[in-house]
Amino acid sequence: MKAKNRTLSMAALVVGLLFLAPASLMAATDDKRSAAPCAGKMERGERMQAYREKRESIQYSEEEVHKMAEAAALRHLGSGATARVESLDSGYQVTLIQADGEEVRSYPLNAAGWPERDGKRRGHDQR
């Protein structure tokens with residue numbers, strides 16, 4: 001008899017918790033709904049702006065850009081490929097050269113080492 005009463009009391013406790021849980025969850029979500037509707041997007045926008053500013057604040061020397069360009073040449077063109085880096089007013093001009101001396105790709109980088117964007121889609125450079 002005690003086991004049956006214990007089972008019934010556990011079942012009643014579980015059912016009671018199931019009825020109380022949605023009410024406590026709704027109370028927690030009411031606070032989120034009362035906030036301004038675009039507050040989350042503004043926070044994200046602020047975070048993205050801070051990321052862009054931090055990313056653009058990093059300045060690489062010509063030697064560092066040359067090492068990165070050499071690595072890109074080896075990665076894209078294989079063994080024997082090299083790169084030429086020229087300083088510009090706003091950054092650098094990188095030219096990737098195959099092992100046989102043929103210039104394959106040329107693209108500008110800003111002072112932070114990021115490709116200059118001219119409205120084209122990312123990943124499409126001059127060939």
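The paragraphs below lead from the core of this predicted model to one buried polar residue and then to a patch on the surface. Local features need pLDDT of at least 70 and side-chain atom pairs count only at pLDDT 80 or more, whereas totals for chains, interfaces and linings use all residues. Residues are numbered from 1 along each chain as its sequence is written, and side-chain values use heavy atoms, with hydrogens and water left out.

The largest nonpolar core (buried Ala, Val, Leu, Ile, Met, Phe, Trp, Tyr and Cys residues joined through side-chain atoms within 4.5 Å) holds 12 residues, among them Val65, Ala69, Val85, Tyr92 and Leu109. Two or more residues each are given to this core by helix 3 (62-77), strand 1 (82-87), strand 2 (91-97) and strand 3 (103-110), and helix 3 supplies the largest share, 4 residues. Helices (H or I, at least four residues) and strands (E, at least two) are DSSP runs, numbered from the N terminus.

Tyr92, when residues up to four places away in sequence are not counted, touches residues including Val65, Val85, Tyr107 and Asn110, a contact being heavy atoms within 4.5 Å. Asn110 lies in strand 3 and is buried, with a relative accessible area of 12%, where buried means under 20%, exposed over 50% and partly exposed in between (1.4 Å probe, protein chains only). A polar atom of the Asn110 side chain is 3.0 Å from the backbone nitrogen of Ala112.

On the surface, Met48, Tyr51 and Trp114 make a nonpolar patch of about 290 Å². Met48 belongs to helix 2 (residues 39-57) and is partly exposed, its relative accessible area being 31%.

Methods. Patch = residues over 30% accessible without salt bridge, like charges linked within 9 Å, V, L, I, M, F, W, Y side chains within 5 Å. Areas by Shrake-Rupley, 256 points an atom, 1.4 Å probe, with all protein chains shown as cover. Salt bridge = Lys/Arg side-chain N within 4 Å of Asp/Glu carboxyl O. Polar contact = N/O pair within 3.5 Å; in protein donor to acceptor, adjacent residues only side chain to side chain.
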